[in-house]
Amino acid sequence: MRFNESNQEFFLGPIQACQVGYSLDPEIRVRSASGGMVSSILIHLLESGQVEGALCVRLRVGPKGLKAAPYIATDREEVLSAAGSIYLEVNPLSNREMIKNFPGRLAMVGLPCHLEMLERISQDDDDLRQKIVLTLGLFCGHNSRRELIETVLARRGVDLEEVAAFRFRRGLWRGRSWLHYTDGKAENFPFQAFSRYQNLHFFTLRRCLRCADHCAETADLSVGDLWAQRFKGKDIKHSALLMRGERGVEVAQEMVSAGKLHLEPCTPGEVFQAQKRALTCHKSLYARSKLAPYFGFRVPPAAKTPTPWNHWLATFILLVNAKWSYSPRFKKLIFKLPKPLLQAYLLVFKGLTHI
Ligand SMILES: Cc1cc2nc3c(=O)[nH]c(=O)nc-3n(C[C@H](O)[C@H](O)[C@H](O)COP(=O)(O)OP(=O)(O)OC[C@H]3O[C@@H](n4cnc5c(N)ncnc54)[C@H](O)[C@@H]3O)c2cc1C
Ligand code: SF4
């Protein structure tokens, strides 16, 4: 699919300004999923008194395994305790009482569907609308059922009862997953151990099949990875920052002036290229709505959009894999696929979405 001015808004949503960069605070970068941009912005908003709390989500390891829950951070350390990407179902808006009872203004981080939910519920809830004064959206290809990460960890022989903390991804480029044990030891393994299944849409959430918002189009500021060749060898991971309104532009400028963020020019076309595979796949909602009934999934009718043959085929593969991983009888076979075969399958899938 080709990107041009006429389809820019369809793919990326409304944009006032577009830049690429990272947090200038090394500690924030080390503890974050990518360039630490999101945590840096939250800390700046808190420390400059523009909000009193940051509504985010935190991952904990408890007696029942991995658990992600909404959380209101009120200082730097609390923001950093929630840093990182969580590939599990979690809704920052699920604890409405906690939000309602919080005495002050909030900034909120969320996936595109969370921010869309915020828009919807705040139409009838004036208090919520006034409480959340700035939204930060994460780019999102899709999310996965808990079963995927728990199976990946179990197959590596990890006993979650011995784990104190887990991070899905840290570090440069593709990153590594980290396990911190209760006895103080730590180990890491390539994020790919999880992402090679995730990228093939095994164990994808049903609601992701119905979603076409990749870049958090309703956020004030949207952040995502910039998988561009020019950043591949760099020792700092760069993120794209899409500023959607005046407020977002102001915050970014303030932070650059205060020496908290490094930002440099980048075009919307570069963001499209960097996200092309996941983004064009995500936007193929029309194809999903047409093919989903053959797999027993419900996807409401979607407006017709140009869908070349390769996206029909990629959508077919995506639905096969989603369906396969919902089958109690056959899902175990997914983990029996030899790694080279899985890798070849992924290459074919990626190739189809890259044309
Ligand atoms: C399910 C999922 C899918 C993603 N898909 C893509 C993609 O296709 N392309 C891409 O470029 N980027 C994707 N990202 C975003 C990317 O992984 C980084 O989160 C983003 O670039 C911000 O990096 P950072 O270092 O600035 O964030 P950090 O400074 O680490 O801050 C991340 C913030 O996000 C919050 N958060 C983490 N996970 C969730 C969640 N599940 N729901 C709500 N809030 C959460 C945390 O509480 C934290 O405050 C995805 C993230 C998730 C969670
Ligand atoms: S793909 Fe859409 S529905 Fe799924 S987690 Fe991402 S934003 Fe939410």
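1. In this predicted model, an oxygen atom of ligand 1 sits 3.0 Å from a polar backbone atom of Gly141. Two further backbone contacts can be listed beside this one: a nitrogen atom of ligand 1 is 2.8 Å from a polar backbone atom of Ile86, and an oxygen atom of ligand 1 lies 3.0 Å from a backbone N or O atom of Met37. Taken alone, ligand 1 would expose 910 Å², and the protein buries 97% of that area.

2. The surroundings of ligand 1 deserve a careful look, since 32 residues are found around the ligand, and of these Ser34, Ser39, Ser85, Asp225 and Gln275 come nearest. By residue type, the shell divides into 16 nonpolar, 14 polar and 2 charged residues. Helix α3 (37-47) and the strands β2 (53-62) and β9 (221-225) each supply at least two residues of this shell.

3. A student may next turn to His142, whose place is in the loop between β5 and α8 (146-155). Is His142 buried or exposed? With a relative accessible area of 10%, His142 falls under the 20% limit, and therefore counts as buried. A polar atom of the His142 side chain lies 2.7 Å from the backbone oxygen of Gln198. When neighbours within four places in sequence are left aside, the residues in contact with His142 are Gln198, Asn199, His201, Thr204 and Cys208.

4. His201, one of those contacts of His142, belongs to the loop between α9 (192-198) and β9, and is buried with a relative accessible area of 9%. The backbone of His201 should also be checked, as its phi is near 65°, a positive value in a residue other than glycine. As background, most residues other than glycine have a negative phi.

5. Ala216 is also found in the loop between α9 and β9, and here too the backbone angle merits attention: phi of Ala216 is near 50°, which is again a positive value in a residue other than glycine. The relative accessible area of Ala216 is 0%, so this residue is buried.

6. The last point concerns helix α6, which spans residues 112-122 and in which Pro112, His114, Leu115, Leu118 and Ser122 are buried. Why can these buried residues be said to line one face of the helix? Seen down the axis of α6, they fall within an arc of 165°, and so they line one face. The elements against which the buried residues of α6 pack are β4 (106-110), α7 (126-131) and β5 (132-138).

Methods:
Residues numbered from 1 in each chain as written. Chains lettered and ligands numbered in written order. Predicted model: local features only at pLDDT ≥ 70, side-chain atom pairs only at ≥ 80, totals over all residues. Heavy atoms only, no water. Buried < 20%, exposed > 50% of the residue type's maximum accessible area, 1.4 Å probe, protein only. Helix = DSSP H or I, 4+ residues; strand = E, 2+ residues; numbered from the N terminus. Arc of directions from axis to C-beta. Contact = heavy atoms within 4.5 Å. Polar contact = N/O pair within 3.5 Å; in protein donor to acceptor, adjacent residues only side chain to side chain. Near = heavy atom within 4 Å. Areas by Shrake-Rupley, 256 points an atom, 1.4 Å probe, with all protein chains shown as cover. Nonpolar A, V, L, I, M, F, W, Y, C, P; charged D, E, K, R; others polar.
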